[in-house]
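User: I would like a close look at one part of this model, the ligand site. Please take the surrounding residues together with the contacts, and then place the site beside what else the fold offers.

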Amino acid sequence: MPVQLYHHKLSAPARVVRIVAKQIGLSLEEKEIDLLSGEHMKPEFLAINPFHCVPTLVHDGFALWERWLYWDSGTFFSSLKAYYMPAIPGKSFQPEAAELFKKNASALDESLKNTKYVAGDKLSVADISITVTVTLSTAIGIDTSELKNVQKWLKQVETDLKPSTWQTLVIDPANGLADLLKSMASKSS
Ligand SMILES: N[C@@H](CCC(=O)N[C@@H](CS)C(=O)NCC(=O)O)C(=O)O
């Protein structure tokens, strides 16, 4: 069964995969997704990749898009920073970035329907990275309590961490940063 690549010919990250495949001699069955007409938002593609982006590789029923640490750093935590960073020079929080963050959190929730941890059935660094992002968002006041799979997964990560780590390295510093940001943002209003 050939490796399938869902892509768009003008997509920069999708071209990276196509270039690497050529370099290593991997033949791909390329399937173009029409991003402009919204084909990536159709149920058929969402069933493959709930994050609806290209490039997406599929092999023998296994779908792979960006890895979780990359997603947290490039997409999820970035959307949280876009919400709160303007407060640091004393401006206000950016509500439209919070909306984007919540959309990303919903896609995470969708993915956690199928797996115990973000990357499968074992705790990984990606769970810890994404936990830090979600708990910081909660401390800052972005409500994701309705995301049941995310909440269940957070409880699991809390249980898995060594005693006291959750409080001292997850919750307390998140609240500390949130308090600082709120005081800076309020100075601007
Ligand atoms: N960090 C991702 C970015 C993927 C990405 O943003 N792809 C764009 C096309 S260049 C896309 O599919 N956008 C549609 C969407 O995200 O809904 C990666 O490198 O794979």
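User: Which backbone N or O atom lies 2.8 Å from a nitrogen atom of the ligand?

Analyst: The model is predicted. The backbone atom belongs to Val54, and its partner is a nitrogen atom of the ligand, 2.8 Å away. On its own the ligand would expose 500 Å², of which the protein buries 67%.

Two histidine side chains face oxygen atoms of the ligand. A polar side-chain atom of His52 is 2.7 Å from a ligand oxygen, and for His40 the corresponding distance is 3.5 Å. His40, His52 and Val54 are part of a shell that also includes Ser11, Pro13, Leu35, Cys53, Pro55, Glu66 and Tyr70. Sorted by class, this shell holds six nonpolar residues, three polar ones and one charged one.

As for the wider fold, the protein is divided into domain 1 (3–64) and domain 2 (68–188), whose C-alpha centres are 27 Å apart. The largest pocket has a volume of about 490 Å³. Its lining comprises 19 residues, and those closest to the pocket centre are Ala63, Trp65, Trp68, Ser111 and Val118. Among the elements, α2 (43–48), β4 (62–64) and α4 (95–111) each give at least two residues to that lining. Its make-up by class is 11 nonpolar, four polar and four charged residues. Because both domain 1 and domain 2 contribute lining residues, the largest pocket lies between them.

Note on methods:
Residues are numbered from 1 along each chain as its sequence is written. This is a predicted model: local features need pLDDT of at least 70, side-chain atom pairs count only at pLDDT 80 or more; totals for chains, interfaces and linings use all residues. Side-chain values use heavy atoms; hydrogens and water are left out. Domain bounds come from an automatic or database domain assignment. A residue is near a molecule or strand if one of its heavy atoms lies within 4 Å of it. A polar contact is a pair of N or O atoms within 3.5 Å; within protein, one must be able to donate a hydrogen and the other to accept it, and residues adjacent in sequence count only if both atoms are side-chain atoms. Accessible areas come from the Shrake-Rupley method with a 1.4 Å probe; for residues, only the protein chains shown count as cover. Ala, Val, Leu, Ile, Met, Phe, Trp, Tyr, Cys and Pro count as nonpolar, Asp, Glu, Lys and Arg as charged, and the others, Gly among them, as polar. On a 1 Å grid over the protein atoms alone, a cavity is a set of points where a 1.4 Å probe fits but cannot get out, and a pocket is an open set with protein on both sides within 12 Å along at least five of seven lines; lining residues have an atom within 4 Å of a point. Grid points are joined across faces, edges and corners, and a volume is the space filled by probe spheres set on the points. Helices (H or I, at least four residues) and strands (E, at least two) are DSSP runs, numbered from the N terminus.
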